[in-house]
Amino acid sequence: MRKFLLLSAEVILFTTCSQPLWVKTDTGVVIKLKSKSTETPRQMKLEVVSDEIIHVVASPVNGFSEEKSLCVNWINSSAPVFEVKQVIDSLVLSTTKIKAKVSLATGQVVFCNENNKVILKERKGGGKSFTPVIVEGTNGYSISQIFESPDDEAFYGLGQHQSDEFNYKGLNESLFQYNTKVSVPFVVSNRNYGLLWDNYSLTKFGDQRDYSQMDLFRLFDIKGEEGGLTATYLNSSVTNKIFLQRKESSLDYENLTTVKNFPKEIPLSRSNVVWSGNIEPKETGLFHFKLYYAGYTKLYIDNELIVPERWRTAWNP
């Protein structure tokens with residue numbers, strides 16, 4: 001299996017030069033990139049771990065972190081045989097099994113097998129970005145990494161999550177640890193490679209944007225009036241007895257804070273709640289939905305049962 005690793009490493013110093021530099025080392029190559037944009041790294045390092053594993057590091061500043069990896073215990077006692085050569089404006093690091101081609105302008109990395117067939121490549125332009133942030137008085141970066149992926153590719157891994165999803169292609173997952181959720185920043189592709197994201201901060205796989213509430217859409221109640229869905233609170237034993245009916249624009253009952261949005265006067269222990277109406281998106285596209293609620297839930301769209309009744313804990317979308 002081919003694996004590409006992102007880790008930390010030692011500081012490398014460059015002498016001043018008007019031309020971009022790359023330096024071959026005992027284990028790989030260190031590159032100083034041409035671009036000064038915040039969307040591309042200042043320096044990169046590629047290290048050969050084995051004939052089929054290449055460790056890639058990108059840094060937004062001159063030099064690299066000296067922190068040791070917390071999830072990879074890598075001792076390279078004997079470096080594999082490899083070659084490094086410059087081809088016009090790219091650098092090619094080759095082992096007997098794999099090649100990594102790096103653009104000296106943007107830092108874009110393209111991984112190929114020994115027959116030059118592309119296995120994995122970053123988005124054109126590099127795919128890496130660094131946004132400065134300050135957290136509790138400490139300077140750092142919010143980082144993003146984007147790879148290109150064909151429509152028929154599948155991704156497996158990421159650890160143990162609660163959404164009953166197996167192939168994560170086109171899906172979204174937040175990686176952090178909490179009750180019954182175990183995050184492992186490693187994916188395996190059906191294109192015969194694996195990718196380890198050696199990072200311990202909150203990571204979002206897929207779309208990095210947070211999910212919005214239902215008021216992202218135009219909402220209409222059962223009378224066709226805009227502003228929210230019709231929320232009907234019913235007696236679970238006497239189904240024709242309505243405790244309350246009101247218009248609601250948000251279905252946010254994920255935690256102990258938001259559950260207080262339920263009407264206080266309703267005896268929820270013996271109630272059913274039905275939200276009905278129509279939703280209209282403001283743009284055409286593919287939308288993903290997640291529902292958090294501690295209880296039994298059914299979901300219908302166009303009167304078709306989409307999610308059968310099932311028990312859900314509040315943290316289990």
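A residue is called buried when its relative accessible area is under 20%, exposed when that area is over 50%, and partly exposed in between, using a 1.4 Å probe and protein chains only. These legends describe a predicted model, in which local features need pLDDT of at least 70, side-chain atom pairs count only at pLDDT 80 or more, and totals for chains, interfaces and linings use all residues. Residues are numbered from 1 along each chain as its sequence is written, and side-chain values use heavy atoms, with hydrogens and water left out.

**View 1. Two loop residues, Ile-88 and Asn-116, with positive phi.**
Let's start with Ile-88, which sits in the loop between β6 (83-87) and β7. Strands here are DSSP runs (E, at least two residues), as helices are (H or I, at least four), and they are numbered from the N terminus. Ile-88 is exposed, at 78% relative accessible area. Its phi is near 55°, a positive value in a residue other than glycine. Asn-116 is no glycine either, yet its phi is positive, at about 65°. Look for Asn-116 in the loop between β9 (109-113) and β10 (118-121), where it is partly exposed with a relative accessible area of 40%.

**View 2. Thr-95, a buried loop residue.**
Thr-95 belongs to the loop between β7 (90-94) and β8 (98-103). Its relative accessible area is 11%, so it counts as buried. The side chain of Thr-95 reaches the backbone oxygen of Asp-51 at 2.6 Å. Beyond its neighbours within four places in sequence, Thr-95 is in contact (heavy atoms within 4.5 Å) with Val-48, Ser-50, Asp-51, Val-81 and Phe-82.

**View 3. The largest nonpolar core.**
A nonpolar core is a set of buried Ala, Val, Leu, Ile, Met, Phe, Trp, Tyr and Cys residues joined through side-chain atoms within 4.5 Å. The largest one has 27 residues, and those with the most contacts inside it are Val-29, Ile-31, Met-44, Leu-46, Ile-54 and Leu-93. Another core lies apart from it, with five residues, among them Ala-231, Tyr-233, Tyr-253 and Phe-262. In soluble globular proteins, nonpolar side chains tend to be buried together.

**View 4. Aromatic rings in pairs.**
Rings of Phe, Tyr and Trp (its six-membered ring) pair if their centres lie within 6.5 Å; planes under 30 degrees apart count as stacked, over 60 as edge-to-face and the rest as tilted. The structure holds ten such aromatic pairs. One of them is stacked: Phe-217 and Phe-289, 5.8 Å centre to centre with 15° between the planes. Phe-217 lies in the loop between β17 (203-205) and β18 (218-220) and Phe-289 in the loop between β22 (278-280) and β23 (295-301), so this pair ties together parts 72 residues apart in sequence. The rings of Tyr-253 and Trp-275 are tilted, because their planes meet at 35°, with centres 6.1 Å apart. Tyr-253 is buried at 7%, whereas Trp-275 is partly exposed at 26%. Ring pairs also link Tyr-233, Tyr-253, Phe-262 and Trp-275 into a cluster.

**View 5. Lysines over rings, Lys-24 and Lys-181.**
A charge sits over a ring if NZ of Lys or CZ of Arg is within 6 Å of the ring centre and within 35 degrees of the ring normal. Lys-24 lies over the face of Phe-82, 5.1 Å from the ring centre. Similarly, the charged end of Lys-181 sits over the ring of Phe-176, at 5.5 Å from its centre.

Conventions:
A polar contact is a pair of N or O atoms within 3.5 Å; within protein, one must be able to donate a hydrogen and the other to accept it, and residues adjacent in sequence count only if both atoms are side-chain atoms.
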